[in-house]
Every structure is written in structure tokens, then in C-alpha cells.
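User: I am new to this structure and would like a close look at one part of it. Please take the charged side chains, then the surface and the loops around them.

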Amino acid sequence: MSDKVKVALYWCASCGGCEEAFVDLAEDLIRLTEKVEIVFWPVAIDMKKSDVEALPDGSIDISFINGGIRLSEHEEMVKLLRRKSKVVVAFGSCSHLGGVPGLANMYSRDEILKYIYLEAPTVVNPEGVIPKEVVRVDGQEVELPKVLRLARALDQVIDVDYYIPGCAPPPDVIKRALDTLLSGQLPPKGSVLGAGSRSLCDECELNKTKPEKISLKDLKRVYQVRLDLSKCYLAQGVLCLGPVTRGGCGTLCIKGGMPCTGCFGPLDNVKDYGARALSYLASILDYDDELQAEKVIEEYIVDPAGWFYRYSLPKSLVRGRYQGSGGEVRG
Amino acid sequence: MSDVRVGVYICHCGKNIAGVINPAKVAEFASKLPNVVVARDYMYMCSSPGQSLIEEDIKKYNLNRVIVAACSPRMHEPTFQAVLKRAGLNPWLLQMVNIREHDTWVHEDTPDKAEEKAKELVAAAVARATHLYEITTEKAPVVKSALVIGGGIAGIRAALDLANAGIKVYLVEKRQSIGGRMAQLDKTFPTLDCSKCILTPLMVDVARHPNIEIYAYSEVVDVSGSAGDFKVKIKLKPTYVDWSKCTGCGTCVEKCPGKAPNEFDEGLGFRKAIYFEFAQAVPRRPVIDPRYCLWFTKGICRVCSKVCPVGAIDYEQKERYVELNVGAIVVAIGYEIYDMTKMVEYGYGKFKNVITGLQLERLSDADGPTKGRIVRLSDGREPKTVAIVLCAGSRDEKHVRYCCRFGCAAALKHVYYVKHAVPDAKVLVLYTDVRAFGKGFEEFYQKVRSWDDVYFIRGRPAEIFEDKDGSLIFDVYDSNTNQLINVRADLVVLESAVVPPKDWEPLRRLLKVSCDPGGFALELHPKLRPFETTADGIFLAGTIQGPKDIPDTVAHAAAAAAVAIGFLLKGYVESVPYLATVNEDLCSGCGLCVSVCPYDAITIEEKEGRRVAKVNVIRCKGCGACAATCPSGAMQQHYFTDTQILSEVSTLAGGAK
Amino acid sequence: MSEGVFEPRIVVFACNWCSYAGIDLAGTSRIKYPHNVRIIKVMCSGRVNPEMVLKALVDGADGVLITGCHPGDCHYISGNYKTMRRYFLLRKLLKQLGLEERVRLEWISASEGERWARVATDFVEHIRRLGPLKLKEVMSSE
């Protein structure tokens with residue numbers, strides 16, 4: 001037992017897909033358990049926070065943490081796991097970049113709570129009850145975790161050693177990452193494991209079908225066009241984020257007839273995924289006239305934040321909708 | 001970064017900088033910045049002692065980065081780069097900071113803020129300098145030949161100058177003969193002898209010159225490559241005459257029964273279906289116009305092939321293509337007259353006796369449709385009253401905004417034509433201004449003004465009406481005398497506005513030449529470099545750069561040729577230092593850089609089973625569009641890498657502490 | 001605003017052939033304008049990546065000006081068209097992020113020294129009215 005690698009898995013603001021991704025390892029998962037001892041995995045094993053607190057600091061070899069940081073509970077748990085772990089790996093887009101829950105940063109916390117509990121069309125809440133952090137029930141105080149002001153990626157809260165990208169990370173990627181982690185030859189801190197170091201076009205079979213110059217007159221949503229699956233989707237006018245997204249996934253989405261939406265995130269040198277994405281897209285639009293260009297952009301690119309920061313808003317330079325007003329900061 | 005050793009030099013620029021801020025304080029501030037080994041201030045950094053100061057410091061302190069805070073780098077960057085070179089350092093390890101044009105000269109009122117700004121700019125430069133690295137340029141050989149597009153006086157002059165310098169010249173002309181507009185003129189000022197008399201000897205010189213090859217009745221259809229090595233594709237339009245057999249005897253033209261409108265005569269009169277552009281055409285080889293040839297339209301005649309003594313007629317002839325390899329291109333495609341039918345108020349195109357100045361030239365020409373007689377087109381009678389309207393279409397917001405430059409001089413000449421042909425005619429010159437600049441023109445103007453029956457009226461007709469007998473009637477308000485004058489003229493001559501050739505857009509785009517608001521070719525600098533363009537190796541000669549008269553056209557063309565000669569005889573072209581450069585490890589071969597490069601300087605190549613971008617270092621002009629487009633950060637620009645720019649951004653955004 | 005008037009910090013990108021030359025001309029003509037602008041030279045406005053604009057805001061700038069040649073006049077033929085399109089798309093994104101007032105695109109030709117001074121003055125006052133951005137502090141605090 002003692003020479004098995006001690007591993008913990010934890011989920012924060014998560015859909016559960018990353019947990020499933022581990023299960024998708026299938027037979028490899030069984031082989032994995034020969035090398036690895038899972039000491040903490042709330043979704044699968046009945047262990048409590050107090051059990052983790054009882055472990056000596058640094059006694060967990062690797063903690064895989066998925067999900068974004070949205071509640072005070074997440075923050076508390078990941079800080080705890082950081083103390084107790086030698087290596088922390090951000091697993092999946094949400095912990096790597098903030099993920100889809102990160103798009104909540106387009107709204108203020110108050111706006112979100114108000115909408116969900118009061119304003120949504122299907123809500124019936126005549127007393128206007130919004131969850132509070134502390135509530136008296138039957139003479140006792142009941143606590144709920146606090147909703148943090150902004151959704152965050154894991155490394156914005158604790159020190160992270162490695163990242164495994166993807167929404168969810170494909171089995172091949174997980175396998176490669178695990179091989180690296182268990183090999184004893186650890187790469188430089190901060191590396192993204194299991195994935196490529198170049199963008200998706202490098203491994204995409206459709207890359208060589210691109211015409212010499214791409215110049216788009218309009219952009220189409222996927223449902224608006226019958227894609228020729230043997231030719232580059234971007235060249236057909238569909239927004240494919242392959243050029244700006246880290247490769248290594250085997251172009252699964254492309255092979256499935258869908259353009260890349262960017263879940264592996266940016267390459268190492270890129271500081272803001274969305275800014276780079278919008279730069280190349282704008283550059284290849286075929287409009288030199290100011291009025292026409294403006295019109296086309298208004299008409300075809302309806303939600304730049306959603307398109308370009310689908311998985312990475314908390315890790316973008318701006319991190320979300322600016323929530324200051326004349327310098328005043330709301331807590 | 002511990003091996004980065006920075007020297008910072010703050011210039012006083014006399015009182016220009018030191019009068020507003022304290023350079024010593026800035027130097028002191030700089031000395032505390034990371035990696036700065038020495039920081040000084042000095043009176044005149046660009047002076048000889050100033051330069052020596054830097055040179056000595058480089059050697060003494062083993063500097064490998066130099067910051068000079070002074071005037072605009074557009075002024076003195078080459079000066080200080082030369083200092084680095086002399087001291088054995090690569091010139092691209094220099095970073096200049098603009099604390100004069102961008103600081104002390106504009107923030108005099110807030111000197112402490114100006115000093116703070118200077119410090120911040122210096123701090124940003126020091127931060128950027130740590131990321132600078134050596135850059136070398138490459139040379140490529142130049143093809144010692146030139147293409148001249150357009151065979152008017154500008155093209156002729158440029159071709160002769162280039163050929164005389166020992167350069168092989170290909171002269172391409174879209175019409176049957178070279179000669180251009182000047183061949184259409186009757187006389188030229190100031191000698192007032194015939195235009196063709198001074199033009200045709202030059203045309204013959206061109207035809208005889210061993211270094212010049214004329215491609216007449218041909219057009220440029222493709223241009224690729226770059227300065228020093230252009231590949232040009234010429235289309236030789238079918239003439240239906242084998243020019244290698246033809247002797248130019250002209251029998252075919254004499255016997256041809258076909259009739260076509262005569263473009264050389266500006267639509268006045270007719271020519272044959274097989275024709276020479278004009279009698280003194282060079283090359284003297286005819287062309288069949290299939291639109292008017294009876295064989296092509298009706299399947300009859302073929303007289304020309306019957307009378308041709310050498311059997312040169314070839315109705316089956318197809319268009320041919322020729323590929324040329326040249327080092328430089330001179331654009332000399334001239335101008336066109338503005339379509340006067342657009343000025344409905346003047347009745348051009350409706351009223352027979354309203355003609356353009358160029359049409360008057362054809363009437364006056366002894367070789368023209370009326371053999372030199374100036375007559376009314378409606379009935380062939382001599383005009384007794386001629387009205388010449390200046391600025392027809394020019395200086396007009398609704399038509400052409402700019403001045404045509406030679407209209408006034410041409411009008412004075414036209415007064416001479418009319419008075420010479422019809423001595424007792426009354427000539428009215430309706431002007432807005434009389435711009436008689438140029439040598440001898442003012443004297444000529446005074447002379448014309450003094451002639452009997454010549455009247456200068458400062459006004460323009462609002463609307464011209466036609467009388468039953470073809471005469472033209474209109475009112476004109478003379479602002480000199482405050483009188484409304486009613487005029488009845490036999491002939492109205494419109495000195496029309498001048499525009500660039502209406503179909504030159506495709507050629508312009510092929511050559512990557514920009515155009516100005518009027519549609520003329522955009523020069524590199526309107527004062528100092530009016531015969532060069534931003535496209536390397538492409539030069540402008542004549543009116544394609546803007547309206548001008550013949551002396552200015554010739555001067556312009558000779559200047560273009562001179563610069564082209566210098567460019568070609570240098571023997572090589574150098575790559576731009578701030579080139580695009582690919583990090584092949586990061587490049588995924590997505591090809592988006594190829595899509596945005598305006599010079600087609602990037603290609604995607606197969607390398608070790610991967611696709612990667614490759615930059616042609618001679619074609620790349622260093623704009624950086626590819627670097628900003630590259631989604632992986634693989635494409636960078638020397639001297640403007642993301643790291644270098646972002647370090648400047650960061651320091652300036654955060655404020656130097 | 002503890003120390004009196006808020007002094008905006010504006011980062012400006014200027015292209016070598018047109019706008020940098022125009023800003024130089026304002027200097028040679030001694031036309032005064034606010035000190036708050038900090039100029040960064042690029043060869044062409046087409047070099048400016050939206051990432052640089054966002055980095056300027058995050059690193060402390062209160063406003064960013066992108067300047068370049070007028071359409072049709074780009075020394076490199078079409079660089080400014082790319083700048084224009086990137087700016088329109090960036091502006092749409094900035095609108096969603098509540099920052100669209102902080103970034104502006106202006107065409108300045110080499111002969112427009114006066115215009116530069118007006119543009120700079122106008123933008124500085126505009127940002128002054130908006131107040132300090134403090135983007136990093138606002139978006140990092142809890």
C-alpha cells in the first residue's frame with residue numbers, strides 16, 4: 001500500500017463531466033488503481049472534509065481538482081487540498097481557465113441571484129426569498145457557502161503545479177498526462193500536460209485543404225450551413241477556433257462535424273485567448289469599407305464574449321464585465 | 001537578463017529640451033533603473049562630441065544596449081545607429097526616446113509633468129531594451145531591366161533615359177502607336193510649332209534604340225514578384241496583321257472600305273477598319289478593328305489581304321502572352337478627359353458645336369479631320385464668335401475638385417489657334433482665374449489679352465442653349481464689370497477637367513500602388529519624392545501622378561528614370577530590418593498570416609511532415625499585420641516583438657515608479 | 001480622488017508613417033496638448049493586436065488610443081483596414097465588458113498635427129470625466 005501514489009480528486013463548480021472523464025479511462029482506470037491509491041474522491045468515495053484535515057500536510061502526492069471556484073466552500077477546500085498535497089493539478093477547462101461557469105462574470109453576483117430567484121420567467125417566489133449566508137431555522141443558525149464576487153480559475157486562488165486541459169479532457173490526454181505525472185520525470189512547473197504545444201490546425205487533417213487566402217464575406221452559425229466535412233470549416237465561413245486553441249485533442253469535434261470552440265485554451269505565449277481569437281477573425285473579413293465592415297460585424301458576431309471567452313473568461317485579461325463605477329468597488 | 005548592460009543618454013538639445021525639463025534629473029532617474037550601467041545628459045547628443053561620448057562609453061562600460069532620449073527617431077535614428085555600428089554594436093540594439101516633439105515642445109506649460117513624462121518614456125525604453133536583439137539584413141540581386149507602361153511623352157522620355165544608361169527597357173503601349181496625348185496636340189507653347197515635330201523624332205529614337213523593345217497594342221495583365229525581380233505578363237492583343245512580315249507600306253489602309261469612329265481625333269471624323277493611330281505612327285504597323293471590319297462583321301471584303309504585297313494579313317491571329325522579368329517598373333499611363341456629358345448644363349454631346357479643348361486641337365491640326373480648318377461641326381462654317389470656357393468640370397465640388405493645371409495655358413493657346421485660323425473672329429475667354437504660371441506664360445497671357453476682339457470675362461455660363469441654326473446662346477455674369485452679358489457663339493470650347501484613366505484600377509492593384517482622393521497614383525512624398533511610390537521598385541512618370549503640362553511631365557519622367565537607374569545600377573536590394581519572423585516550433589501552419597499579407601510574402605511549406613509558414617525576406621516590408629493576426633504568437637516582427645511592445649505597454653500603463 | 005484632480009493615463013499606439021509623423025508635426029508646430037498621453041511607435045497600425053490594448057488597460061491605463069493612416073493611405077496598403085475591423089470587433093466585446101468608452105480608434109495623417117492635438121485633448125477630457133479605471137484592482141478584489 002505504501003508505495004502506491006496517493007491521489008485525491010475534488011470537484012468545485014463542476015458539471016461532473018471531468019469525473020466521468022476519469023471513468024472514461026475504462027480499462028486504463030483499472031490499471032491505474034494498481035499504481036495509485038485514491039484517498040479522497042467525494043463523488044465516488046464517502047469521505048469527509050475532516051478526514052482530509054486529519055491527513056499530514058503534503059501527504060497527498062497529487063490532487064486533481066476540477067471545476068471553477070465560485071463559492072467560499074470551493075476556496076476553502078482547494079486551499080486545504082493545497083496544504084495537504086505535494087502536487088496540485090488543475091483538471092479540465094473550469095479549473096484551468098474558469099470554464100463555462102466563468103461566463104457568470106458577465107454579470108454581477110447580485111444580478112445573478114436576483115435573476116435566478118426573482119426575475120426569471122419561470123420563477124414563482126412571492127415572498128422574494130433569496131438565499132442568504134446565515135439563516136435561523138428552528139432556533140438554530142444554518143450556513144450556506146458565500147457566493148464569491150467573481151468566478152475564478154484554480155490558479156487564481158491557489159498555487160497550481162500542472163494543468164490538464166479540455167472540457168472534459170479526452171481519455172488520451174488524461175492517459176498521457178498521468179503517464180508523465182507517474183513517470184517521476186516532472187516537466188517544468190506550470191506546464192499543460194497531455195496536450196500539444198501548437199494550435200489545433202497543426203494536427204487537423206482539414207488544414208491542408210485551406211485555400212491560399214481566406215477572406216470571409218460573412219460568418220455562418222453551424223446550423224445555417226451544410227458543412228463540407230472534407231474542407232476546412234473556417235474557410236467555409238464557420239467560426240472555428242482551431243487556429244488559436246491548443247491542440248492535442250485529436251480534433252475530436254472537427255471529426256464530429258463541429259468547429260472547435262476552444263476548450264483546450266490558449267497556447268503558452270498568448271496572454272488573452274479571446275483577444276487573439278478576435279484579432280484573426282477580424283483580420284480575415286473581406287470588408288475594407290468602414291460602414292460595411294461595422295455592419296457585418298454587428299450582424300454576424302452577436303456575442304463576442306460568449307464566442308471568444310466560452311471557457312476562459314476568468315483567466316482573460318479583463319476577467320469579466322468591469323464591475324467598477326468611477327473607482328467605487330462593491331464587495 | 002544579467003548580461004544586459006544599458007547606457008542611457010539624455011539630450012538637452014540646447015534649450016529645446018533643457019528649457020522645459022531637467023535632463024540631469026532624468027539621467028539620475030535612469031541610472032537607478034534595472035540593468036542601467038551608465039546614464040548621462042549632454043548638450044547635443046547628435047553632435048560629434050555627443051556621438052563620441054556614446055561610442056567611448058560603449059567600449060568603456062561594455063554596453064550592449066543604448067537608449068538615446070532626444071528628438072524624434074524619425075530624425076536621428078540612423079545617426080545614432082551609425083554610432084553603434086562604429087563601436088562594434090549591432091545598430092538594432094539602439095532604442096530612441098522622443099522627449100522633444102512628443103514632450104518638451106508640447107508640454108511647456110506643465111514642466112514638472114513634462115519631466116515626469118520624460119522619465120516614464122525612458123523607463124519604458126529601458127524595459128523594452130532588455131528584449132532587443134541583433135538584427136541583420138539580407139541582400140538579393142536586381143534584374144537590370146525596366147518596364148515602362150505607357151508610350152506617351154512621359155514613357156518615351158523615361159524609356160530613353162533608362163536605355164541610355166545601359167538598361168534594357170520594355171515599353172508597353174495599349175494603343176497601336178506610341179505618342180500619347182502630345183501627338184494629338186496641334187502646337188505646343190511657347191514655340192508654337194507643331195507638337196508632332198518635336199515628338200516624332202523622340203518616337204523614332206525609341207524605335208531605333210538598341211536597348212528598347214516596344215510592345216504596342218499590348219497591355220500588362222499580371223505582375224508578381226517584388227522590387228528588383230518582377231515577373232510581368234504582357235498580353236499582345238490580336239492585330240490580325242503579322243507585324244514581322246508587314247513593311248508598313250499602308251496600301252491596306254488606303255484600300256480599306258470600312259469606316260470607324262476615329263478615337264485619335266476624339267470622335268471627330270472617321271478612320272478605316274484597318275488603321276494606323278495617326279500618320280506618323282510608331283511602330284508603323286496597322287491594326288484591324290474587328291468591330292468595324294467587314295470581314296469580321298459580315299464575312300465579306302478581305303481587300304486588305306488581297307492588296308498586301310507580303311501577305312501579312314492574318315484574320316486567324318490570336319492574342320499572345322509574353323513573360324518579362326524586370327527589376328523596376330515605371331508607370332506612365334497618362335490621363336483622360338473628364339466625361340463632359342456629365343455637365344448637362346453645357347450641352348456637350350447634345351449640341352454639335354460644343355467641343356472640348358482636345359477636339360479643338362484636332363480641328364486645328366493640319367493632319368486632322370478638317371485639315372486644319374477650325375469650323376463649326378454642325379455646318380462646317382467658320383465660326384465668327386468662339387467662347388472658350390475655362391475650368392469646365394474642374395474646381396467643382398460636384399464634378400472634379402482639383403485644378404487641371406494646364407487648362408489656362410491651353411486656353412491662351414486656343415485663342416491663338418482661332419485668331420490664326422479665323423483672323424476676324426471674336427474670342428471670349430470665360431474664366432474663373434487665369435493661372436498662367438510657368439516660364440514665358442505670363443508674357444503670353446499679356447500678349448493675348450492685348451489682341452483685338454479677344455475678351456476676358458470673369459465668369460462661367462450657367463446654362464448653354466442651342467439655337468435653331470446650331471449657334472449657342474447663354475448668359476454669363478462678368479464679376480470684373482458687374483455686368484450680365486448675353487453671348488451668342490458659333491463654337492463653344494470647354495477646357496475640360498482631367499482625370500486618371502478610368503480603367504487603371506486593376507493595374508493599380510496589381511502594382512500595389514495607392515491612389516490619392518482624385519484617383520491619381522499616390523506619390524511617396526508630395527514635395528520630395530513625387531515620382532516614387534510606397535511600392536518599392538515602382539516609379540511614376542507624368543500625369544498619372546497628377547495633372548501637369550508637358551515641361552513638368554518631361555521633368556517628372558526624367559526624375560523617375562533617374563531614380564530607377566540608381567535603384568537598378570546599385571545591383572542589389574536589401575531586406576527591411578524589421579521583418580516578420582516565424583517561430584517554427586510554435587507555428588501550426590494555420591495559414592492565416594498568408595491571408596493577411598499585402599505583399600504575398602508568406603507561404604506555407606511542408607517541413608518534416610508538418611506545415612509551417614515561411615517568410616520571403618525580400619518581399620516582406622515589415623508591416624507586422626501577420627504578427628498581429630497570428631493566433632499562436634508564432635509570428636513575430638523583428639524590433640517589434642510582442643514581448644518588446646508589451647514591456648513598453650506595461651511600463652507606460654503602470655507608470656514608472 | 002484624494003490628491004486633487006484625476007490625471008488620466010493614456011497609452012497611444014501610433015504608426016511610423018502617418019500618425020507618429022502627425023504627432024511629431026504637432027511638436028514641431030509647438031501645438032500644446034495634455035501631457036497624459038504616452039506614445040508607442042509601431043511601423044503600421046496593423047501591428048496592434050487587441051491583446052496589447054487589453055494589457056494596457058489591465059496594467060493601469062485609464063484609456064487607450066489606436067491611431068493610424070486614413071483608409072486608402074496605408075504605407076503598407078491595407079494594414080489600417082485590419083486595424084479598423086479588429087477595432088470594431090474589439091469595441092463590441094468591450095461594450096459587453098462595460099469598457100467601450102475606454103478605447104478609441106482615430107485616423108491621423110502625417111499632416112494633421114492640429115488634429116492630433118484636438119484628438120488627444122478630447123480623449124483625455126473624456127477619460128477624465130469617466131474617472132480612474134483601476135481595472136486590475138476592481139477585478140481582483142473580493
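Analyst: What follows starts with chain B and its charges, then moves to the other salt bridges, a nonpolar patch and some loops.

Keep in mind that this is a predicted model.

Start with chain B as a whole. The chain has 657 residues, and 58% of them count as buried. Its secondary structure comes to 20 helices and 34 strands. Along the principal axes, its C-alpha atoms fill a box of roughly 90 × 70 × 40 Å.

Now the charges. Four acidic residues of chain B form a negative patch on the surface: B:Glu382, B:Asp424, B:Asp452 and B:Asp453. Take B:Asp452 from this group. B:Asp452 sits in a loop of chain B, after α15 (441-450) and before β23 (454-458). Is B:Asp452 buried or exposed? B:Asp452 counts as exposed because its relative accessibility is 61%, and the cut-off for exposed is over 50%.

B:Asp490 makes a good contrast. This aspartate also lies in a loop of chain B, the one between β26 (483-489) and β27 (491-496). B:Asp490 has a relative accessible area of 12%, so it is buried; the limit for buried is under 20%. What does its side chain meet? A polar atom of the B:Asp490 side chain lies 2.6 Å from the backbone nitrogen of B:Lys384. Here the partner atom belongs to the backbone of the lysine.

Next come the salt bridges. Side chains of opposite charge can pair when their charged atoms come close. Over all chains, the structure holds 72 salt bridges.

One of them is in chain B. B:Asp379 forms a salt bridge with B:Arg381, with 3.3 Å between the closest N and O atoms. How open to the surroundings are these two? B:Asp379 has a relative accessibility of 37%, so it counts as partly exposed. B:Arg381 is partly exposed as well, with a relative accessible area of 43%.

Chain A offers another pair. The side chains of A:Glu141 and A:Arg136 meet in a salt bridge, 3.8 Å from N to O. Both of these residues are exposed.

Chain C has one too. There the side chains of C:Glu112 and C:Arg115 meet, with an N to O distance of 3.6 Å. C:Arg115 counts as partly exposed, at 21% relative accessibility.

Which residues are linked in a network of salt bridges? The network takes in A:Arg276, B:Asp642, C:Arg47 and C:Glu51. Its members come from chains A, B and C.

The surface is not just a matter of charge. In chain A, a nonpolar patch is formed by A:Tyr115, A:Ile116, A:Tyr117 and A:Leu118. Together they have about 350 Å² of accessible area. A:Leu118 belongs to helix α6 (residues 109-119) of chain A. With a relative accessible area of 36%, A:Leu118 is partly exposed.

Now to the loops. A:Pro145 lies in the loop of chain A between β7 (140-143) and β8 (147-152). A:Pro145 counts as partly exposed, at 32% relative accessibility. A:Val134 is 11 residues away along the chain, and the C-alpha atoms of the two are separated by 8.9 Å.

B:Gly250 sits in the loop between β12 (229-236) and α10 (251-255) of chain B. B:Gly250 is buried, with a relative accessible area of 11%. Its C-alpha atom is separated by 57 Å from that of B:Thr137, which is 113 residues away along the chain.

Some loops hold a cis peptide bond. One joins A:Cys167 and A:Ala168, with omega about -10°. A:Ala168 lies in the loop between β9 (162-164) and α7 (171-183) of chain A. Another runs from B:Val282 to B:Pro283, with omega near 0°. B:Pro283 is in the loop between β15 (274-275) and β16 (287-288) of chain B.

Finally, look at phi. B:Cys13 has a phi near 50°, a positive value in a residue other than glycine. B:Cys13 lies in the loop between β1 (6-11) and α1 (15-18) of chain B. With a relative accessible area of 13%, B:Cys13 is buried. B:Arg302 also has a positive phi, near 65°. Its place is the loop between α11 (294-298) and α12 (303-307) of chain B. B:Arg302 is partly exposed, at a relative accessible area of 33%.

Definitions and conventions:
Residues are numbered from 1 along each chain as its sequence is written. Chains are lettered from A and ligands numbered from 1 in the order in which they are written. This is a predicted model: local features need pLDDT of at least 70, side-chain atom pairs count only at pLDDT 80 or more; totals for chains, interfaces and linings use all residues. Side-chain values use heavy atoms; hydrogens and water are left out. Patches are made of residues with over 30% relative accessible area and no salt bridge: like charges are joined within 9 Å, nonpolar side chains (Val, Leu, Ile, Met, Phe, Trp, Tyr) within 5 Å. Accessible areas come from the Shrake-Rupley method with a 1.4 Å probe; for residues, only the protein chains shown count as cover. Lys and Arg count as positive and Asp and Glu as negative; His and the chain ends are not counted. The place of a charge is taken as NZ of Lys, CZ of Arg, CG of Asp or CD of Glu. Helices (H or I, at least four residues) and strands (E, at least two) are DSSP runs, numbered from the N terminus. Buried means under 20% relative accessible area, exposed over 50%, partly exposed in between (1.4 Å probe, protein chains only). A polar contact is a pair of N or O atoms within 3.5 Å; within protein, one must be able to donate a hydrogen and the other to accept it, and residues adjacent in sequence count only if both atoms are side-chain atoms.
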